[in-house]
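Q: Give me a close look at one part of this model, the second largest pocket, and at the chain pairing and the other empty spaces that go with it.

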Number of protein chains: 4
Amino acid sequence: MRDCVLLLESDADRAEVDRALRRLGVWSVALGDGTALQVASHSQAVDDRTLASLPGVAKVMMARSEHPLLDAQAGVAVTLGQARGASAPVRCGPGAEPLLLAGPCSAESEETAWQAAAMAAAAGAKVLRGGAFKPRTSPYAYRGDGATALRWLREAADAHGLLLVSEAMSEAHAAEVAEYADVVQVGSRSMASYGLLSAIGTLGRPVLLKRGQSATLQEWRLAAEHLLAAGAAGVVLCERGIAGVDRETRNVLDLGAVALIAGIDGHAIVVDPSHAAGRRDLVVPLAQAGLSAGAHGVLVEAHPDAGNARSDAAQAIDAATLQAIGASVRKAAQREDG
Amino acid sequence: MRDCVLLLESDADRAEVDRALRRLGVWSVALGDGTALQVASHSQAVDDRTLASLPGVAKVMMARSEHPLLDAQAGVAVTLGQARGASAPVRCGPGAEPLLLAGPCSAESEETAWQAAAMAAAAGAKVLRGGAFKPRTSPYAYRGDGATALRWLREAADAHGLLLVSEAMSEAHAAEVAEYADVVQVGSRSMASYGLLSAIGTLGRPVLLKRGQSATLQEWRLAAEHLLAAGAAGVVLCERGIAGVDRETRNVLDLGAVALIAGIDGHAIVVDPSHAAGRRDLVVPLAQAGLSAGAHGVLVEAHPDAGNARSDAAQAIDAATLQAIGASVRKAAQREDG
Amino acid sequence: MRDCVLLLESDADRAEVDRALRRLGVWSVALGDGTALQVASHSQAVDDRTLASLPGVAKVMMARSEHPLLDAQAGVAVTLGQARGASAPVRCGPGAEPLLLAGPCSAESEETAWQAAAMAAAAGAKVLRGGAFKPRTSPYAYRGDGATALRWLREAADAHGLLLVSEAMSEAHAAEVAEYADVVQVGSRSMASYGLLSAIGTLGRPVLLKRGQSATLQEWRLAAEHLLAAGAAGVVLCERGIAGVDRETRNVLDLGAVALIAGIDGHAIVVDPSHAAGRRDLVVPLAQAGLSAGAHGVLVEAHPDAGNARSDAAQAIDAATLQAIGASVRKAAQREDG
Amino acid sequence: MRDCVLLLESDADRAEVDRALRRLGVWSVALGDGTALQVASHSQAVDDRTLASLPGVAKVMMARSEHPLLDAQAGVAVTLGQARGASAPVRCGPGAEPLLLAGPCSAESEETAWQAAAMAAAAGAKVLRGGAFKPRTSPYAYRGDGATALRWLREAADAHGLLLVSEAMSEAHAAEVAEYADVVQVGSRSMASYGLLSAIGTLGRPVLLKRGQSATLQEWRLAAEHLLAAGAAGVVLCERGIAGVDRETRNVLDLGAVALIAGIDGHAIVVDPSHAAGRRDLVVPLAQAGLSAGAHGVLVEAHPDAGNARSDAAQAIDAATLQAIGASVRKAAQREDG
């Protein structure tokens with residue numbers, strides 16, 4: 001909840017105001033002589049009218065939203081595929097069916113791209129994910145096949161009726177990515193690289209924005225606002241795990257953030273269980289948990305032949321596991337209908 | 001996965017070993033002249049026989065488990081209620097039905113205890129949770145009604161056919177808690193307070209062990225081992241959120257840890273969505289996400305009259321919300337049967 | 001800085017108020033219609049009178065301190081050794097000379113205790129540190145020699161004119177520790193174990209309170225308040241590193257916290273560079289950095305024969321290194337005099 | 001220390017090997033049947049020859065360095081100002097005098113630039129820092145005056161015999177920054193934005209590389225390697241605080257990392273106490289602590305009129321405080337000479 005302070009009437013029964021707030025799920029701290037209450041940011045979301053209507057409350061002073069463009073997108077699904085004239089645009093977000101986005105970390109051959117697209121389509125995915133320009137921690141690691149890979153992915157996606165999402169990690173290649181992909185991805189490491197956000201936003205495409213490893217929710221929302229202010233056609237947020245203290249998983253999937261962004265803010269959000277755990281045996285339960293927390297989709301690394309994948313092989317799942325995740329996504333869709 | 005190193009045969013095809021490992025979901029780093037591979041701890045769990053059988057692998061050197069007593073408990077549910085001769089012992093863990101444990105943060109009156117027990121039973125809970133000795137950040141906050149509250153809770157639980165779990169935060173009161181409660185709870189702040197663990201373990205009861213706010217999984221498992229080594233009748237782990245960087249939720253529920261502990265380790269584990277988020281509007285989605293990740297139960301703060309609760313009121317849920325969580329727990333039970 | 005809100009006069013020049021705040025090092029956020037400003041907690045410390053005197057500010061509403069007993073100790077050094085009638089009590093904190101506290105992780109033999117005391121005294125330490133009851137992550141690790149070790153340490157300390165600090169990790173042994181030690185230590189893992197704090201506080205001794213691995217400053221201050229409320233004769237805080245994301249050091253020594261607690265709050269605080277880094281080659285620079293940040297002393301693990309130490313051997317320093325740290329402590333003392 | 005495993009001779013006295021390792025400050029874990037020891041990464045740095053020479057050790061298997069270009073720079077100061085033909089190049093790093101780099105967060109007017117340069121020079125700074133292109137969390141905040149500001153800064157720096165460091169946050173402006181600045185800065189939020197690193201490295205200038213908020217040391221070193229691989233003339237690392245759990249400071253200055261990078265790795269590194277704490281009253285002690293930990297310089301935000309600064313005003317220091325930091329830098333220089 002946004003920064004908020006309540007001024008009380010001089011004759012207010014403070015204990016009663018307190019009880020009323022707690023009934024609403026609001027934590028507060030008394031300020032000064034007790035005639036003001038500071039609302040804690042981890043309180044349940046309550047609008048200012050409700051707060052103002054409580055007996056004893058004279059005035060509600062809440063900070064204004066810093067992201068009007070993102071707010072304007074609240075409660076509405078983001079449409080993907082429109083800009084490139086996809087025959088079947090796909091919606092992601094509030095009110096839309098949960099979405100599966102799947103494919104290889106990097107499309108290292110034409111064959112990989114085609115097999116991955118077939119795998120994805122067979123599992124019910126509507127969007128193929130695939131890397132052409134790869135951010136790699138080491139400058140000496142395989143960085144993807146660039147524009148060539150984009151062409152492979154595009155043709156494979158088209159052949160299977162899929163949309164395509166691919167990461168742009170450099171301003172220099174952003175336009176090229178947007179030429180081939182329906183959705184431009186911003187990676188976790190670039191979430192707050194504002195020069196890149198600006199260049200990508202300008203392209204006017206929908207963007208998949210991964211959360212930075214130690215970004216607060218507000219920093220994440222404001223990165224989305226950067227994209228929208230520059231012209232992005234919509235932003236789908238993607239939670240992919242934040243930095244934690246344990247070595248047995250790579251990151252910590254923050255599903256409280258997903259529940260908040262999806263359920264309270266009403267923004268389109270998907271989860272990436274592959275990067276969250278970094279280990280293959282946890283991808284399925286984390287995908288299901290993400291959907292249960294309210295995510296509007298699952299983005300997952302799948303590879304037709306994980307042993308030969310040139311990047312992130314150990315976290316990629318095979319066709320059978322992808323089918324299982326596809327089934328979870330469909331089940332989540334039915335739950336929402338029912 | 002435990003610390004592990006593979007020694008390769010002198011004529012091994014290293015690229016082929018590498019591919020075989022990746023197919024198994026194993027990340028590795030070459031050591032020295034490349035005749036040894038260090039397995040990363042965030043690899044998919046693979047047993048040493050499988051690794052040893054790979055062509056080119058001469059020897060597998062894995063660290064031994066440091067928690068033999070916890071390992072002995074793997075794959076088996078913990079039985080609760082036996083020690084006090086409960087007419088209907090309850091099982092929590094692998095193979096058992098998902099469990100609902102619910103009740104007030106603190107039992108601040110006999111009436112609260114009874115109403116809470118009624119609420120819990122009506123929602124399908126098998127275990128009443130309730131605080132008698134409360135750890136409070138401030139020494140001036142309400143600390144619970146101690147032994148009196150334990151009596152209220154015990155009688156209310158018995159009247160509704162429920163077991164009782166309550167926290168012991170002091171060695172001085174541990175025996176008293178065990179006298180009334182079927183399960184003794186160790187709070188997050190005391191997870192690594194080994195004097196207390198020893199005193200509680202000695203009582204021979206099953207223990208609900210919350211994870212410390214920045215504890216690694218291995219520190220958590222070893223805390224369980226401390227309890228078992230001292231004589232605890234079984235340990236149910238409880239994930240309640242680790243420290244994060246955001247202010248809009250109180251903690252980050254680490255469901256990757258839950259998936260790993262439940263699905264790979266095979267230990268009994270429940271989630272506490274109330275403390276994880278600290279805000280009422282996220283309790284239901286986080287409870288569902290926890291079950292989807294594989295948790296064997298949900299521990300939740302519920303209060304018959306949240307506005308009048310004397311501690312943690314703003315995160316307590318009401319009867320209707322508790323019913324919804326109870327329904328989720330039952331649905332999870334059906335999924336596992338089906 | 002404590003939670004604080006400024007109400008502005010209706011005709012205030014808001015831009016001018018803003019500038020005046022920034023000149024004071026205060027960050028703020030506008031609330032509501034802009035007639036209130038929320039002060040961010042990471043602002044420079046400014047008292048409410050100064051804020052109230054700014055043109056345009058109608059009212060300053062600041063949260064009250066939650067730790068009056070700790071506040072009462074501000075600006076004054078804590079006296080150690082008085083309770084046991086030490087011939088030469090030692091002061092630690094504001095206005096006192098920087099202090100060296102040194103000794104082995106655990107006193108595993110009478111010889112170790114005596115050699116360590118000799119080492120410590122030779123390096124200029126006024127306080128011998130030494131473990132008798134050791135918190136160990138594994139229940140199967142060496143846990144110290146208990147009361148026997150306390151006797152060794154006491155005699156060795158007395159022979160060298162040193163005071164003694166030793167950890168109490170269990171309520172059961174707290175009184176025994178206080179019988180032999182001048183200062184009772186609360187370990188990092190027990191910082192928020194309030195049952196233990198209460199038992200230790202009751203003994204009426206000065207306490208060395210280590211910060212929990214993910215404790216906020218306010219949680220730490222309130223743990224000190226728990227001790228003081230129970231009767232502790234004074235609390236010296238000890239920063240020993242918080243949980244971080246890197247594997248090459250064990251913890252992150254938070255010297256911003258030290259600068260704040262020592263320089264702004266005015267509380268007695270020392271640093272423990274041994275546990276902070278966990279590696280011997282960083283102990284000296286971190287000890288010096290701690291003193292430069294304003295710490296009132298350095299607590300360091302030193303062992304006469306590190307290769308044979310039974311716990312934490314790899315981070316213990318030898319006599320020559322301890323001499324170097326002793327010299328740094330003396331140099332810091334001169335800087336403050338000069 | 002890099003990933004490392006020791007294979008023992010079949011008749012080795014394991015306890016003796018263990019003691020020898022501990023004497024060297026090395027933590028280890030036994031693998032398999034005990035004939036291999038895994039060295040923990042937080043061990044004191046020890047070279048493989050020393051390990052190999054221990055009785056009982058048959059073979060030392062250490063991972064190779066992933067950053068050969070950064071390694072080649074170890075132990076040598078980075079020369080700044082050469083590329084633009086500065087009359088007086090400045091050295092930063094091992095063996096060079098500690099350096100002061102100071103100036104405003106953003107150069108929002110010609111006057112500010114000139115006054116700031118005068119302030120910096122008067123305090124003994126050799127390098128003027130100043131923002132022209134500013135990364136701002138909100139897209140609606142002031143983003144700097146771009147090329148115009150660079151001109152102001154350049155002229156002001158030249159007039160006072162200072163070098164200039166300024167951030168490039170976009171590939172589009174990187175060349176422009178390099179045209180005016182002697183050192184190109186990579187901000188914390190862009191540390192792992194590899195497209196930007198590549199574009200900046202290509203310019204062939206020395207780079208000041210800030211650490212990402214949750215970056216491990218190895219990720220940081222590899223980001224430096226990205227820059228060097230692309231052609232950067234040298235990299236000075238800058239520690240500016242990592243994400244922590246407390247609200248009273250903005251970040252946690254990781255001085256263990258500084259001690260390790262400066263003292264063990266031998267790389268050029270400076271500290272930024274302004275962004276670390278985010279509050280003015282902690283800048284001086286953190287600057288001193290950074291120098292004591294071994295930093296080769298201090299980068300600090302200073303503004304001739306903090307109340308009128310358009311960004312980060314509340315953490316900027318004034319002329320008198322800058323003088324105090326300049327004195328600390330000179331004192332550190334004398335300590336190293338002495």
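A: Here is a walk through that pocket, followed by the chain pairing, the enclosed spaces and a few loop residues. A quick note on the ground rules: this is a predicted model, with local features needing pLDDT of at least 70 and side-chain atom pairs counting only at pLDDT 80 or more, while totals for chains, interfaces and linings use all residues. Residues are numbered from 1 along each chain as its sequence is written, chains are lettered from A and ligands numbered from 1 in the order in which they are written, and side-chain values use heavy atoms, leaving out hydrogens and water.

The second largest pocket holds about 730 Å³ of space. It is lined by 29 residues, and L291(C), S292(C), R335(C), Q288(D) and S292(D) are the closest to its centre. Chain C gives two or more lining residues from each of α9 (255-265), α11 (283-293) and α12 (319-337), and chain D does so from α11 (283-293) and α12 (319-337). The largest share, 7 residues, belongs to α12(C). By type, the lining splits into 13 nonpolar, 9 polar and 7 charged residues.

Some terms: on a 1 Å grid over the protein atoms alone, a pocket is an open set of points with protein on both sides within 12 Å along at least five of seven lines, a cavity is a set where a 1.4 Å probe fits but cannot get out, and lining residues have an atom within 4 Å of a point. Volumes are the space filled by probe spheres set on the points, which are joined across faces, edges and corners. Helices (H or I, at least four residues) and strands (E, at least two) are DSSP runs, numbered from the N terminus.

Now for the two chains around that pocket. Chain C lands on chain D after a rotation of 180 degrees with 0.0 Å of shift along the axis, at RMSD 0.0 Å, so the copies are related as by a two-fold rotation axis. Within chain C, A289(C) comes closest to that axis, its C-alpha at 2.1 Å. The copies meet through the same surface, because 100% of the interface residues of chain C are also interface residues in chain D.

D281(C) gives a close-up of C meeting D. This residue sits in the loop between α10 (273-277) and α11 of chain C, and its 16% relative accessibility means that it counts as buried (under 20%, with a 1.4 Å probe and protein chains only). Beyond its neighbours within four places in sequence, D281(C) touches Q44(D), A45(D) and I264(D), contact being heavy atoms within 4.5 Å. A polar atom of the D281(C) side chain lies 3.0 Å from the backbone nitrogen of A45(D).

What about enclosed space? The largest cavity has about 390 Å³, and the closest of its 28 lining residues to the centre are A243(A), A243(B), A243(C), A243(D) and V245(D). Its lining has 16 nonpolar, 12 polar and no charged residues. The second largest cavity, about 60 Å³, is lined by residues of chain C, including L80(C), C92(C) and V270(C); that lining is 10 nonpolar, no polar and no charged.

One last stop: D312(A) is not a glycine, yet its phi is positive, near 55 degrees. D312(A) belongs to the loop between β14 (297-301) and α12 (319-337) of chain A and counts as buried at 16% relative accessibility.

Key
Ala, Val, Leu, Ile, Met, Phe, Trp, Tyr, Cys and Pro count as nonpolar, Asp, Glu, Lys and Arg as charged, and the others, Gly among them, as polar. Copies are superposed by least squares on the C-alpha atoms of residues with pLDDT of at least 70 in both. Buried means under 20% relative accessible area, exposed over 50%, partly exposed in between (1.4 Å probe, protein chains only). A polar contact is a pair of N or O atoms within 3.5 Å; within protein, one must be able to donate a hydrogen and the other to accept it, and residues adjacent in sequence count only if both atoms are side-chain atoms.
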